[in-house]
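Trainee: I'm new to this structure and would love a close look at a single part of it. Could you walk me through the nonpolar core and what surrounds it?

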Amino acid sequence: MPANRLSRLMPARLCLPAFLSAAGLFLAAAGPTTPAPGPVQIIGNSGGGCIQGAVRLPDDAPGLQTVRVGKSNFWGHPDTIDRLLQLARTASAAGLPDLYMGDLSNPRGGPMPGGHVSHQMGIDADVYLDINPHPRLPVAARENLEPPSLVRPDGRAVDQSRWRPEHATLLRMATQLPGVDRVLVNAAIKKQLCTTVSGERGWLRMIRPWYGHASHMHISFLCPAGQAECPPRPAPPPPGDGCDASLQWWFDRLDAPPKPAPPVTKPPRPPALPAACIAMLKAP
Ligand SMILES: [Zn+2]
């Protein structure tokens with residue numbers, strides 16, 4: 001598939017390793033631990049972004065538990081937090097166990113240590129696809145949880161011993177939250193939905209294949225209203241359910257012979273974060 005078509009179908013900056021991220025500004029534990037004070041404001045450009053006035057997802061709420069608190073961050077735009085709480089309530093009402101919540105954003109956004117190029121502006125969230133019954137554990141006991149992959153080691157299909165119809169239920173609920181841009185999952189999970197979902201299939205358009213994402217989904221929200229400096233999201237998913245050549249591409253690449261390693265060159269200089277973000281992230 002031509003690169004330009006691929007780039008139209010796939011967001012460019014989602015859940016990629018942090019070594020590709022903006023400005024080399026890796027804000028690990030030494031970064032600010034409090035949100036930037038002031039009204040909620042998202043600032044960003046193609047190199048990343050930040051958020052002022054973020055709020056934190058609670059570690060415990062009806063239908064959800066955060067996991068790996070020492071390694072993750074749970075800050076976001078208030079709309080993001082509201083929608084995740086809504087998802088948890090909806091899932092719980094449908095009989096699903098507590099949702100395990102993974103990364104949102106740092107307290108002020110910006111690049112994540114060892115994590116993502118996205119998740120910089122409080123409008124992205126990782127939610128594990130673990131629907132096995134699990135009790136409510138103390139936060140410390142969730143530190144090393146590793147929800148299992150739903151995808152076979154060869155990447156060609158889901159592990160049928162783990163896949164349940166309730167996974168589709170949860171994914172559909174995520175697509176139906178207000179303001180969702182798209183939901184990223186492993187291509188094998190998308191393929192499973194394509195081959196098993198019957199009836200109303202319009203929501204499949206919002207489920208897009210991406211690297212990794214074998215044990216969690218990445219929910220990407222649109223810029224909230226009134227955030228003029230929030231950079232536009234990638235082009236919306238094209239019409240249709242996405243169960244087409246754009247999905248098959250992910251499996252064809254598994255059959256492609258490995259490409260020779262490119263010559264070692266100086267890595268391209270990543271685009272800089274907006275100056276306002278650098279100031280925000282450096283402020284005490
Ligand atoms: Zn993510």
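Mentor: Happily! Let's begin with a term: two residues are in contact when they have heavy atoms within 4.5 Å. Keep in mind, too, that this is a predicted model.

With that in hand, start at M217. Leaving aside neighbours within four places in sequence, M217 is in contact with L87, A125, D126, V127, L129, L170, L171, A174, V183, L184 and V185. M217 belongs to the largest nonpolar core, which has 50 residues, and M217, L171 and I219 are the ones with the most contacts inside that core. The elements giving two or more residues to the core are the helices α2, α3 and α4 (187-196) and the strands β7 (99-101), β8 (124-128), β9 (180-185) and β11 (216-221). Helix α2 gives the most, with six residues. Apart from this core lies another one, of eight residues, among them A187, L247, W250 and F251.

Now look at two of those helices. The axes of α2 (residues 78-93) and α3 (residues 165-175) come within 10 Å and cross at roughly 145 degrees, and the crossing is right-handed. On the α2 side the contact is made by L87, T90 and A91, and on the α3 side by L170, M173 and A174. Five of these residues are nonpolar, one is polar and none is charged.

Finally, strand β8 also has a charged partner elsewhere. The side chain of D124 meets that of R233 in a salt bridge (2.8 Å, N to O). D124 lies in β8 and R233 in the loop between β11 and α5 (245-255), so the pair ties together parts that are 109 residues apart in sequence. Both D124 and R233 are buried.

Technical notes. Residues numbered from 1 in each chain as written. Predicted model: local features only at pLDDT ≥ 70, side-chain atom pairs only at ≥ 80, totals over all residues. Heavy atoms only, no water. Axes fitted to C-alpha atoms, helices over the stretch in contact; angles between N-to-C directions. Helix = DSSP H or I, 4+ residues; strand = E, 2+ residues; numbered from the N terminus. Left-handed = near helix turned anticlockwise from the far one by under 90°. Nonpolar A, V, L, I, M, F, W, Y, C, P; charged D, E, K, R; others polar. Core = buried A, V, L, I, M, F, W, Y, C linked by side-chain atoms within 4.5 Å. Buried < 20%, exposed > 50% of the residue type's maximum accessible area, 1.4 Å probe, protein only. Salt bridge = Lys/Arg side-chain N within 4 Å of Asp/Glu carboxyl O.
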